[in-house]
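Got the viewer open? Let's take a short walk around this one, starting wide and then zooming in.

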Amino acid sequence: MMTLEHVFQAALLAASLGLGAFCLTLSRRLRRLNDLETGLGGAIAVMASEVDRLDRAIREAKDEATAAGQALSAEITAARKERALWDLRQKITQAQAPVAAPAPVIPMRRLRKRVVNADA
(Lines give C-alpha, C1' and ligand atoms only; values in the text may rest on other atoms or scores of the structure.)
Protein backbone atom coordinates (compact mmCIF):
# COMPACT_ATOMS: atom_id res chain seq x y z
CA MET A 1 0.00 0.00 0.00
CA MET A 2 1.17 3.48 -0.87
CA THR A 3 1.59 5.93 1.87
CA LEU A 4 1.15 9.63 1.62
CA GLU A 5 4.93 10.02 1.48
CA HIS A 6 5.11 7.81 -1.63
CA VAL A 7 2.38 9.89 -3.33
CA PHE A 8 4.29 13.12 -2.64
CA GLN A 9 7.53 11.60 -3.98
CA ALA A 10 5.77 10.42 -7.14
CA ALA A 11 4.25 13.89 -7.62
CA LEU A 12 7.65 15.49 -7.04
CA LEU A 13 9.25 13.13 -9.58
CA ALA A 14 6.55 13.91 -12.18
CA ALA A 15 6.93 17.66 -11.61
CA SER A 16 10.74 17.37 -11.91
CA LEU A 17 10.44 15.46 -15.20
CA GLY A 18 7.99 18.06 -16.53
CA LEU A 19 10.28 20.94 -15.54
CA GLY A 20 13.26 19.15 -17.09
CA ALA A 21 11.40 18.78 -20.40
CA PHE A 22 10.35 22.45 -20.24
CA CYS A 23 13.96 23.56 -19.58
CA LEU A 24 15.22 21.45 -22.50
CA THR A 25 12.64 22.96 -24.86
CA LEU A 26 13.43 26.47 -23.60
CA SER A 27 17.15 25.88 -24.05
CA ARG A 28 16.66 24.79 -27.69
CA ARG A 29 14.46 27.79 -28.46
CA LEU A 30 16.96 30.16 -26.85
CA ARG A 31 19.82 28.65 -28.87
CA ARG A 32 17.83 29.16 -32.11
CA LEU A 33 16.92 32.70 -31.08
CA ASN A 34 20.53 33.68 -30.41
CA ASP A 35 21.81 32.17 -33.66
CA LEU A 36 23.79 34.89 -35.46
CA GLU A 37 22.81 33.66 -38.91
CA THR A 38 19.02 33.38 -38.69
CA GLY A 39 17.95 34.33 -35.20
CA LEU A 40 17.45 37.45 -33.19
CA GLY A 41 21.18 37.66 -32.47
CA GLY A 42 21.85 38.37 -36.14
CA ALA A 43 19.15 41.00 -36.24
CA ILE A 44 20.61 42.67 -33.16
CA ALA A 45 24.09 42.64 -34.69
CA VAL A 46 22.79 44.22 -37.90
CA MET A 47 20.86 46.84 -35.96
CA ALA A 48 23.92 47.68 -33.84
CA SER A 49 26.02 48.24 -36.98
CA GLU A 50 23.26 50.41 -38.49
CA VAL A 51 23.07 52.49 -35.31
CA ASP A 52 26.84 53.05 -35.49
CA ARG A 53 26.58 54.04 -39.15
CA LEU A 54 23.73 56.46 -38.46
CA ASP A 55 25.61 57.92 -35.50
CA ARG A 56 28.60 58.64 -37.74
CA ALA A 57 26.33 60.18 -40.39
CA ILE A 58 24.68 62.43 -37.79
CA ARG A 59 28.06 63.58 -36.49
CA GLU A 60 29.25 64.35 -40.03
CA ALA A 61 26.05 66.26 -40.82
CA LYS A 62 26.39 68.24 -37.60
CA ASP A 63 30.00 69.13 -38.43
CA GLU A 64 29.01 70.19 -41.96
CA ALA A 65 26.13 72.30 -40.63
CA THR A 66 28.45 73.99 -38.14
CA ALA A 67 30.98 74.77 -40.88
CA ALA A 68 28.23 76.07 -43.19
CA GLY A 69 26.86 78.25 -40.39
CA GLN A 70 30.27 79.74 -39.72
CA ALA A 71 30.81 80.41 -43.43
CA LEU A 72 27.39 82.05 -43.69
CA SER A 73 28.13 84.19 -40.65
CA ALA A 74 31.36 85.36 -42.27
CA GLU A 75 29.51 86.17 -45.52
CA ILE A 76 26.86 88.14 -43.62
CA THR A 77 29.54 90.13 -41.79
CA ALA A 78 31.30 90.91 -45.10
CA ALA A 79 27.99 91.94 -46.71
CA ARG A 80 27.20 94.26 -43.80
CA LYS A 81 30.62 95.89 -44.12
CA GLU A 82 30.12 96.34 -47.87
CA ARG A 83 26.65 97.82 -47.31
CA ALA A 84 28.02 100.27 -44.71
CA LEU A 85 30.80 101.29 -47.12
CA TRP A 86 28.28 101.78 -49.95
CA ASP A 87 26.03 103.89 -47.68
CA LEU A 88 29.03 106.02 -46.68
CA ARG A 89 29.99 106.58 -50.33
CA GLN A 90 26.41 107.57 -51.15
CA LYS A 91 26.38 110.10 -48.31
CA ILE A 92 29.72 111.53 -49.43
CA THR A 93 28.47 111.79 -53.03
CA GLN A 94 25.29 113.53 -51.90
CA ALA A 95 27.25 115.95 -49.72
CA GLN A 96 29.60 116.87 -52.59
CA ALA A 97 26.85 117.35 -55.19
CA PRO A 98 25.69 120.96 -55.64
CA VAL A 99 22.33 121.69 -54.14
CA ALA A 100 19.93 122.10 -57.04
CA ALA A 101 16.58 123.80 -56.94
CA PRO A 102 13.75 121.36 -56.68
CA ALA A 103 12.05 120.58 -59.95
CA PRO A 104 8.77 122.39 -60.49
CA VAL A 105 5.67 120.36 -59.95
CA ILE A 106 3.64 120.08 -63.12
CA PRO A 107 -0.01 119.37 -62.56
CA MET A 108 -1.28 116.35 -64.42
CA ARG A 109 -4.38 116.53 -66.60
CA ARG A 110 -7.19 114.16 -65.93
CA LEU A 111 -8.29 112.23 -68.94
CA ARG A 112 -11.95 111.76 -69.68
CA LYS A 113 -13.39 108.36 -70.29
CA ARG A 114 -14.44 107.65 -73.83
CA VAL A 115 -18.08 107.00 -74.36
CA VAL A 116 -18.68 104.16 -76.80
CA ASN A 117 -21.94 104.11 -78.68
CA ALA A 118 -23.67 100.79 -78.49
CA ASP A 119 -25.54 101.53 -81.72
CA ALA A 120 -22.49 101.85 -83.91
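Here is a tour of the whole chain and then of two spots on its surface. Keep in mind that you are looking at a predicted model.

**Whole chain, cartoon view.** Select the protein chain and color by secondary structure: you should find two helices and zero strands. The radius of gyration is 46 Å, well over the 14 Å that the globule rule gives for 120 residues, so the chain is more spread out than a compact globule. Along the principal axes, the C-alpha atoms fill a box of roughly 135 × 65 × 30 Å.

**Switch on the surface.** The accessible surface of the chain is about 12100 Å², and carbon and sulfur atoms account for 63% of it. How much of the chain is buried? Buried residues are 2% of the 120.

**Color by charge.** You'll see 18 positive and 13 negative side chains, with the centres of the two sets 17 Å apart.

**Next, select Met2, Leu4, Val7 and Phe8.** Together they make a nonpolar surface patch with about 450 Å² of accessible area. Click on Leu4, which sits in helix 1. Is Leu4 buried or exposed? Its relative accessible area is 58%, so Leu4 is exposed, the cut-off being over 50%.

**Last stop: Arg28, Arg29, Arg31 and Arg32.** These four form a positive patch on the surface. Zoom in on Arg32, which belongs to helix 1, residues 4–33. Arg32 counts as exposed because its relative accessibility is 58%.

Key:
Residues numbered from 1 in each chain as written. Predicted model: local features only at pLDDT ≥ 70, side-chain atom pairs only at ≥ 80, totals over all residues. Heavy atoms only, no water. Patch = residues over 30% accessible without salt bridge, like charges linked within 9 Å, V, L, I, M, F, W, Y side chains within 5 Å. Areas by Shrake-Rupley, 256 points an atom, 1.4 Å probe, with all protein chains shown as cover. Salt bridge = Lys/Arg side-chain N within 4 Å of Asp/Glu carboxyl O. Lys, Arg positive; Asp, Glu negative; His and termini not counted. Charge placed at Lys NZ, Arg CZ, Asp CG, Glu CD. Helix = DSSP H or I, 4+ residues; strand = E, 2+ residues; numbered from the N terminus. Buried < 20%, exposed > 50% of the residue type's maximum accessible area, 1.4 Å probe, protein only. Rg over C-alpha atoms; globule rule 2.2 N^0.38 Å.
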